Amino acid sequence: MRSFPYPDAGSPNLTSPARYLLWLAAGQRATLALGIAYGCVWTVSQALIPFALGRAVDRGIVARNFGELTWWVLILVGLTLVQAITSTLRHRASVSNWMQAAYRSAQLIGHKVTRSGDALPQKFSTGEVVSTAASDAMRIGEIFDVSARLAGSVVGYLVVTGLVFATSWQLGVVVLVGVPACGAMLMLVIRPLQARQKEQREAAGRMTALGADTVAGLRVLRGIGGEHIFVERYRERSRATQLAGNKVAYSLADLDATQVLVVGAFSVAFTWIGAMQALSGQLETGQLVALYGYAVFLVSPIRTASDAVSRFIRAHVGARRIIDVLATPSAVDDAGPRVPAPARASAMVDSGSGVVVRPGGLTALVSSNPDVSAGVARRLGRFEDAVLREAEVLWGGAVLRQVPLPAVRGRIVVSDTEPQLFTGTLREELDPAGRHSDAEILAAIDVANAGDVFDGLEYGLDDEVTEKGRGFSGGQRQRLALARAVLTEAEVLVLIEPTSAVDAHTESRIAAALRAARGAAAQTTVVVTTSPLMLGAMDTVLFLDGGRLHAAGTHHELLAGVPAYRSVVIRGDGMDGRRGAAGPDAGPDLGAATGRGADSDTILTQGGGN
C-alpha cells in the first residue's frame, strides 16, 4: 500500500519535457523496474505459447507420441498460468506507476500554487492551473502506465524474431524488418496528432478558465442580468473546444484505420510466405501452426508501440504545460544568503515609507491612497522579494527577505482585504492545524463578532462550509476570516481592511474585542483602515502622505493636529456611514463579478504561505 501525498515531492528537472519525465521515472524506478519485469515475463509467456503448440503438434500428434503430447500440453498449461499471474501483477504495478507520476506532478503544482505568492495568478488563470493539475498530470501518468507493456512488447518481439529465425531465415527477416517498418508508417499519422492535441489542450484550458470565473460571479451576474453574456462566451469557447476535439478524433480515427491496414497487411504477407514454404515442404505442420500464432502475437507489439507513442505525445504536451507552471518564478524564495530570525518582540521598519512598527500594541496605517498603506502591509508580510529589494524591510535589524521563509510565515500573518474560505467544516476552516480547543475557537469567533454566524449554523463548528464560503454574505466571510487570523496567535498580525464589509455597530464591537484580545497578549497588531471606530481603538496611528510617513500619534491627536489626516478619516467616515446604511453585511460578493473571480489577488490568511 502506497500513501499519498509524498512527504517530499522533490525538486524536478524543468529544462525540458523529456527531462521532467525522466526525473519522474527516476523517482519511481523500483516500481517501474518491477512493472517492466512483470511485463516482460507476461509477454514472453504469450510468445512461447505458439512455439509450445507447434511442438505439441509435431512431436505429439503427428508423431503419435502420447508422452511428448502430454509434456507439451503441461508446458502450455504452465505458460497460461504464468501469463495470468504476471498479467495481474503487471497491471497492479502499471496502475501504481501511473498514480505515482500523476500525483507527484499534481502535488508539485499544489506546492507551487501555495508558495509562489502573487506570481502565478498574474501569469495563469485559475482554470488553467486547475486544468494542469487535473488533466495534464493524469496524462503524464499514462506514459508510465504503458511502460510495462511497451518493454514487454519489445522483449516479446525479439523472442519471436529468434524463434522465427530458427524456423525460417526468410520469415525471420520479414519479422525483423517488417515490424519496425509498420511502426514507422504509423508515425506518419501520429505526428499530426501532436499539434492537434496541443490545440485541444489550449482550447480546453481557456474554456475551463472562463467557466471557473463565470461560476465565481454567477450570483452577481444574475442580479444585474448579465449572465446571458457569459453564457454566450462560454458557448463560443465550448464550441471551439469541440471543434479542436473533433480534429483530434479525426487523427485518432486515421490512426486506428492505419493500424488495421498496416498490421493486417503485415499479417497477411507473413502468413502467405509461411503457407508457401509449408506447401513446398520447407516447414512441418506444427511449425506452420506456430507461425500462425506468431502472426497473431505480432499484432500486439505493433499496437502497443503505436499506443505508447500516442500516449507519449499527450504526456509530452502535458509535461510542457506543467513545466510552464512550475518554472514560474516565485514571488518569494529562500535562495541566497540567510540570516537568523530576530528575537521576539522586535520592531519592523519599512524603508520605503519610513514606517516603524513598535513591538506590542495595536498600530494603524492610514493613507489617502488605500493601495499605499496596503502595499506597506504586504511588504511587512514579505509577499514579493523583488519589491523588498527596492524597499527593504528590517525586522529587529535583520533584512526581512533574508530571514528563512518558514520563520516569517510562522511569526508574521497577513489577512488580506479579500480573504478566502475553503470547503470543509467550520472547525477546519478556522483552525486548519487543529491546535485549538472548541472553547478557544469560540473565543476567536467572539472577537470577530461572528456569534450570529455561528448561531445560524445547524451543526455549529461541524457545519460544512461551501466552496469559497458562498453560503455566507460578504461581511460574514470577512468576520470568519478575522476569527481565523486571531486564532493564529501570530507574533505580528497584519489586517488589511478587516471591517470594510460590516456595519458601524458590528465594527465598534470588533474594535473593542480585538484590542482586548491582542493588546492583553502583548502581541503586535497592524491594521490598515480609515475607519474612525477602528482607529479609536489603536495605540498608534501612522499617517502616510505621498507614500511616506507624514505623522504619528493617537487618532485624536492626529485629528486635532493634522488636517490632511482629518480629511482622509472624515471622508472614510462618510463612506462607512453610507456603507452601514446599505447593509453590506447581507450583500453578495461583488468581487466575484470582475471576470477573474474572488481569487484573483492574494488570498486567505497568509500563515502557511508562499
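1. A quick word on terms before strand β9: a residue counts as buried when its relative accessible area is under 20%. By that cut-off, β9 (residues 492-496) is mostly covered, with five of its five residues buried. Keep in mind throughout that this is a predicted model.

2. Staying with β9, which side of the strand is covered? Both faces are. Val492, Val494 and Ile496 are buried on one side, and Leu493 and Leu495 are buried on the other.

3. The neighbours of β9 are worth a look too. Strand β6 (residues 412-415) runs parallel to β9 and is joined to it by four bridges; within that pairing, serine 415 has leucine 495 as its bridge partner. Strand β10 (residues 524-528) also pairs with β9 in the parallel sense, over five bridges. There, isoleucine 496 stands opposite valine 528.

4. For the overall picture, the protein chain has 20 helices and 12 strands. Of its 610 residues, 48% count as buried. Taking contacts with a separation of 6 or more, 78% are between residues 24 or more positions apart.

5. Now the open sheet. Four strands make it up, in the order β2-β1-β4-β5, and the pairing is antiparallel. At the edges sit β2 (355-357) and β5 (398-399), each of which pairs on one side only. Strand β1 (residues 348-350) pairs with β2 over three bridges, and valine 349 has valine 356 of β2 as its bridge partner.

6. What lies across this sheet? Helix α10 (residues 370-380) does, over β1, β2 and β4 (393-395). The helix runs at about 130° to β1.

7. On to helix packing, beginning with α14 (residues 438-447) and α16 (residues 474-487). Their axes are 8 Å apart and the angle is about 125°, so the two helices are oblique to each other. The crossing is right-handed. From α14 the contact uses Glu440, Ile441, Ala444, Ile445 and Val447; from α16 it uses Ala483, Val486 and Leu487. By class, that comes to seven nonpolar residues, no polar ones and one charged.

8. Helix α1 (residues 17-27) and helix α9 (residues 285-326) also pack with their axes 8 Å apart, here at an angle of about 95°. Why call them roughly perpendicular? Because angles of 65 to 115 degrees count as roughly perpendicular, and about 95° is the angle for this pair. Pro17, Tyr20 and Leu21 of α1 meet Phe312, His316, Ala319, Arg320, Ile322, Ile323 and Leu326 of α9. The class split for this contact is eight nonpolar, one polar and one charged.

9. Two single residues I'd flag while you have the model open. Asparagine 97 lies in helix α3 (residues 66-115) and is buried, with a relative accessible area of 0%. Leaving aside neighbours within four places in sequence, asparagine 97 is in contact with Gln28, Thr31, Leu32 and Phe144.

10. The other is methionine 185, in helix α6 (residues 169-216). Is this residue buried, exposed or partly exposed? Methionine 185 is partly exposed, because its relative accessible area is 43%, and partly exposed covers what falls between under 20% and over 50%. Methionine 185 and valine 262 are 77 residues apart in sequence, while their C-alpha atoms are 7.9 Å apart in space.

Definitions and conventions: Residues are numbered from 1 along each chain as its sequence is written. This is a predicted model: local features need pLDDT of at least 70, side-chain atom pairs count only at pLDDT 80 or more; totals for chains, interfaces and linings use all residues. Side-chain values use heavy atoms; hydrogens and water are left out. Buried means under 20% relative accessible area, exposed over 50%, partly exposed in between (1.4 Å probe, protein chains only). Axes are lines fitted to C-alpha atoms, for helices over the stretch in contact, and angles run from 0 to 180 degrees between N-to-C directions. Angles under 35 degrees count as roughly parallel, over 145 as roughly antiparallel, 65 to 115 as roughly perpendicular and the rest as oblique. A crossing is left-handed if the near helix is turned anticlockwise from the far one by less than a right angle, and right-handed if clockwise. Contact means heavy atoms within 4.5 Å. Ala, Val, Leu, Ile, Met, Phe, Trp, Tyr, Cys and Pro count as nonpolar, Asp, Glu, Lys and Arg as charged, and the others, Gly among them, as polar. Two strands pair if DSSP finds at least two bridges between them.
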